[in-house]
There are 2 protein chains.
Amino acid sequence: MDRLDKKILRLLQEDSTLAVADVAKKVGLSTTPCWRRIQKLEEEGVIQRRVAILNPQKINTRVNVFVSIRTNAHSHEWLKRFSEVIQEFPEVVEFYRMSGDVDYLIRVVVPDIAAYDAFYKKLIAKIEIRDVSSAFAMEQIKYTTEMPLDYMVLDKETNSSAA
Amino acid sequence: MDRLDKKILRLLQEDSTLAVADVAKKVGLSTTPCWRRIQKLEEEGVIQRRVAILNPQKINTRVNVFVSIRTNAHSHEWLKRFSEVIQEFPEVVEFYRMSGDVDYLIRVVVPDIAAYDAFYKKLIAKIEIRDVSSAFAMEQIKYTTEMPLDYMVLDKETNSSAA
DNA sequence: TGTGAAAGCCTTTAACG
DNA sequence: CGTTAAAGGCTTTCACA
């Protein structure tokens with residue numbers, strides 16, 4: 001991966017409907033090499049997928065809840081079961097194993113507090129959890145799927161050659 | 001929005017490279033009406049954008065940090081400034097105003113703890129914050145841009161008519 | 001690796017039930 | 001609102017530098 005791949009990724013992270021020819025123009029390439037690069041980035045799994053991002057307002061999932069979970073069952077078995085349970089819920093859009101005093105953190109999207117309560121009841125009915133604490137977001141000020149590309153490790157461009 | 005729009009959204013949330021004809025087939029429509037529906041969903045802003053999702057591993061942003069922020073400057077001015085500062089950082093991918101004892105919650109993506117420390121220093125150099133506490137994720141178990149569509153409010157399908 | 005052009009597929013429009 | 005079919009554009013491939 002080099003500077004041009006990075007430019008391509010930057011563009012496609014913003015808008016994946018861009019035509020290959022347009023991407024090519026913007027990065028200063030003609031279509032075929034640009035197409036080949038995009039292809040390669042997909043094969044290598046750098047580009048994982050292309051998706052439509054929906055407006056949460058319009059689909060009635062405007063409330064974000066962060067749920068901190070503590071457990072005493074630190075077994076592999078419990079985590080496996082917990083994982084499976086969580087994956088089943090489409091309301092859970094993010095799920096992290098944490099360091100520190102909280103064991104797991106999940107982000108849940110729902111229309112309102114009542115729906116969160118229903119979700120919560122369904123969750124604790126399915127698996128035993130020592131301690132759950134919920135924090136409600138009043139407002140989502142920023143949300144993006146664009147990752148910073150500043151940390152990308154680029155191949156040394158010692159000259160014009162590459163692998 | 002009706003049941004068919006919902007199906008279309010479900011498909012495009014998963015994979016926006018699907019050809020209109022394929023979407024049409026899957027929802028049991030022919031291409032033109034399906035195309036018109038997708039067009040409308042975009043115009044109405046239900047579909048906000050189409051983006052490429054990158055693999056965090058490959059672009060060296062595998063570490064997620066959740067930063068809880070408390071402030072005593074509860075003024076509109078302070079929030080405006082804070083917002084602007086945060087938006088500037090590509091490492092901040094989510095930003096919420098919270099209820100409860102934490103005022104703001106942000107998710108930061110970086111390659112490692114050292115990079116987080118550098119980010120942290122840049123942040124506090126730019127704006128005064130009363131209290132910052134960082135929680136590191138050891139593992140991202142689930143991350144999806146797919147929102148649950150179960151809460152969507154559908155038009156009453158009393159018969160076959162619509163607006 | 002890059003260029004330019006040809007082939008084929010998809011999107012988009014139009015004409016019509 | 002649905003269908004079928006034609007037009008135009010984009011992706012993808014190929015031959016070549």
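These legends describe close-up views of a predicted model with chains A and B.

**View 1. Helix 1 and helix 2 of chain B cross obliquely.**
Helix 1 of chain B covers residues 3-14, and helix 2 of chain B covers residues 20-27. Their axes come within 10 Å. They cross at roughly 130°. Angles of 65 to 115 degrees count as roughly perpendicular and those over 145 as roughly antiparallel, so this pair is oblique. The crossing is right-handed. From helix 1 of chain B, the contact draws on B:Leu4, B:Lys7, B:Ile8, B:Leu11 and B:Leu12. They meet B:Val23, B:Lys26 and B:Val27 in helix 2 of chain B. By class, the contact holds six nonpolar residues, two charged ones and no polar ones.

**View 2. Helix 1 of chain B also meets helix 3 of chain B.**
Helix 3 of chain B spans residues 31-43. The axes of helix 1 of chain B and helix 3 of chain B come within 11 Å and cross at roughly 75°. The two helices are therefore roughly perpendicular. On the helix 1 side, look for B:Leu4, B:Asp5, B:Ile8, B:Leu9 and B:Leu12. On the helix 3 side, look for B:Cys34, B:Arg37, B:Ile38 and B:Leu41. Seven of the contact residues are nonpolar, two are charged and none is polar.

**View 3. Helix 2 and helix 3 of chain A pack together.**
Now turn to chain A. Helix 2 of chain A runs over residues 20-27, and helix 3 of chain A runs over residues 31-43. The angle between them is about 105°, and their axes lie 9 Å apart. That makes this pair roughly perpendicular. A:Val20, A:Ala21, A:Val23 and A:Ala24 come from helix 2 of chain A. Their partners in helix 3 of chain A are A:Thr31, A:Cys34, A:Trp35 and A:Ile38. The contact has seven nonpolar residues, one polar residue and no charged residues.

**View 4. An annotated span covers residues 1-62 of chain A.**
An unreviewed UniProt entry lists these residues as "domain: HTH asnC-type". How much of the span is helix, and how much is strand? Helix makes up 53% and strand 13%. The C-alpha atoms at the two ends of the span lie 38 Å apart.

**View 5. Chain A and chain B are related as by a two-fold rotation axis.**
A turn of 180° lays chain A on chain B. The shift along the axis is 0.0 Å, and the RMSD is 0.0 Å. Which residue of chain A comes closest to the rotation axis? That residue is A:Val51, with its C-alpha at 2.9 Å. Of the interface residues of chain A, 100% are also interface residues in chain B, so the copies meet through the same surface.

How values were computed. Residues numbered from 1 in each chain as written. Chains lettered and ligands numbered in written order. Predicted model: local features only at pLDDT ≥ 70, side-chain atom pairs only at ≥ 80, totals over all residues. Heavy atoms only, no water. Axes fitted to C-alpha atoms, helices over the stretch in contact; angles between N-to-C directions. Helix = DSSP H or I, 4+ residues; strand = E, 2+ residues; numbered from the N terminus. Parallel < 35°, antiparallel > 145°, perpendicular 65-115°, else oblique. Left-handed = near helix turned anticlockwise from the far one by under 90°. Contact = heavy atoms within 4.5 Å. Nonpolar A, V, L, I, M, F, W, Y, C, P; charged D, E, K, R; others polar. UniProt positions renumbered as here; feature names shortened; annotations may be inferred. Least-squares fit on C-alpha atoms with pLDDT ≥ 70 in both.
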